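Subject: Structure handover

Hi,

Here is the structure I promised you. My notes on what turned up follow below it.

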Amino acid sequence: TVCQNTICGKWFHGYWRNISFSLSFLWGQIGTALVFALLPAVAHLGLGWALSSGFIISIFSILSSIIYIILDKRGTLSRYFEVDQYVSEARPKMKLRDVTKLPLIYWCLVILRGSNTCATFTFMMYGPSFLVASTNYEPQAAGFIISAMNLEALFGPLIGLFLDRFGRKPIIWSISCLLMSISYLIIALELTNPLFWVLLIGMAYTVTNASVTSSISVVVPKEIIGTAYGIYVAYPAGILLFYPVIYGNVQELTGSYKASNDILAGTCFVTYLAGLLLVFVDRANGRLLSTPLNKQKIPQ
């Protein structure tokens, strides 16, 4: 993921940057959607089928990497993308003090997207069982509903284009985070069918994910973009080591999903606060993220 984000950040410029990250995000979400849709069927077939499927997908990824390396070595990529040098060329070694070069606006983006990702992925893990328990959906139907959350990433490229043309990204991200927090809170109360709110969470996550990721390459110095994306990916990955465990243990202790979903609502409210801070930090940095792309005075 770090390499993928770094490559996209260096290859693509202007409107293509958001589209590239959106398509990358879409590809991953389609895979996740297929997992939830096929999980009940695979469960009946057994562990062997599941591992075999994972092996085949891994082979496809390895072949894709080999093709990329060949193209990069031949210089084919430089004919189509505006890069100063091949992405695979040696760079100065990472130094600990590089972290101090990362601006405050970057850390706001890390918290905003990273915490949202932790809440969303945790809900995706427990979502099918929650829907079965709270609404009496069949496991297959519950799996398809969670899959629909991921398939909303189909709107990602269009949303990215809209944000580039309209601007005001920090405000829109903040509103999306607030909607996620409210949705989790309503789901926790279990007063209504959660289907609409589950789909709203998926759409709000689509709005923030790819467009925030593409913005990292805009706000950090190019020479440490790899370090920036490394931290950006490591933050949610580290939290996800224990976050789902906390969610599951709270659910078992309380005997319901209310308190667990309250935790998700609180997490997204923190990202909303990070988004509000980002609005003011962005203003102090010349409205780099708020200005429509065609009016930005930055290299495209």
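A cut-off before anything else: a residue counts as buried under 20% relative accessible area, as exposed over 50%, and as partly exposed in between. Lys258 has a relative accessible area of 38%, so Lys258 is partly exposed. Please keep in mind that this is a predicted model.

**Overall picture**

The protein chain has 11 helices and 0 strands. Along the sequence, the pattern reads α-α-α-α-α-α-α-α-α-α-α. Of the 300 residues in the protein chain, 46% are buried. The accessible surface is about 15,600 Å². Carbon and sulfur atoms hold 70% of that surface. Take the contacts in the protein chain with a separation of 6 or more: 78% of them join residues 24 or more positions apart.

**The salt bridge**

The count comes to 1 salt bridge. Lys258 makes a salt bridge with Asp262, and their closest N and O atoms are 3.2 Å apart. Both Lys258 and Asp262 sit in helix α11. They are 4 residues apart, about one turn of the helix. Asp262 has a relative accessible area of 27%, so Asp262 is partly exposed too.

**Helix α10**

Helix α10 covers residues 243-254. Does its length agree with what its residue count predicts, or disagree? The 12 residues should span 16 Å at 1.5 Å a residue, because the expected span uses one less than the number of residues. The end C-alpha atoms are 17 Å apart, which agrees.

Which residues of α10 are buried? They are Tyr243, Pro244, Tyr247, Gly248, Val250 and Gln251. Seen down the axis of α10, these buried residues fall within an arc of 160 degrees, so they line one face of the helix. That set packs against α4 (104-135), α9 (225-239) and α11 (258-284). On the other side of α10, Glu252 and Leu253 are exposed. Gly255, just after α10, takes a positive phi of about 80 degrees.

**Helix α7**

Helix α7 runs over residues 169-189. Its 21 residues should span 30 Å at 1.5 Å a residue. The end C-alpha atoms of α7 are 31 Å apart, which agrees.

Ser181 is in α7. Is Ser181 buried or exposed? Its relative accessible area is 8%, so Ser181 is buried. Leaving out residues up to four places away in sequence, Ser181 touches Ala265, Cys268 and Phe269.

**Positive phi values**

Most residues other than glycine have a negative phi. Two residues are worth a look here. Glu190, just after α7, takes a positive phi of about 55 degrees. Arg287 also has a positive phi of about 55 degrees, although Arg287 is not a glycine. Arg287 lies in the segment after α11. At 43% relative accessibility, Arg287 is partly exposed.

**A nonpolar patch on the surface**

Which residues form the nonpolar patch on the surface? They are Phe55, Ile56, Ile59, Ile62, Leu63, Ile66 and Ile70. Together they have about 670 Å² of accessible area. Leu63 is found in helix α3, residues 47-74. The relative accessibility of Leu63 is 48%, so Leu63 counts as partly exposed.

Best wishes

Note on methods. Residues numbered from 1 in each chain as written. Predicted model: local features only at pLDDT ≥ 70, side-chain atom pairs only at ≥ 80, totals over all residues. Heavy atoms only, no water. Patch = residues over 30% accessible without salt bridge, like charges linked within 9 Å, V, L, I, M, F, W, Y side chains within 5 Å. Areas by Shrake-Rupley, 256 points an atom, 1.4 Å probe, with all protein chains shown as cover. Salt bridge = Lys/Arg side-chain N within 4 Å of Asp/Glu carboxyl O. Helix = DSSP H or I, 4+ residues; strand = E, 2+ residues; numbered from the N terminus. Buried < 20%, exposed > 50% of the residue type's maximum accessible area, 1.4 Å probe, protein only. Arc of directions from axis to C-beta. Contact = heavy atoms within 4.5 Å.
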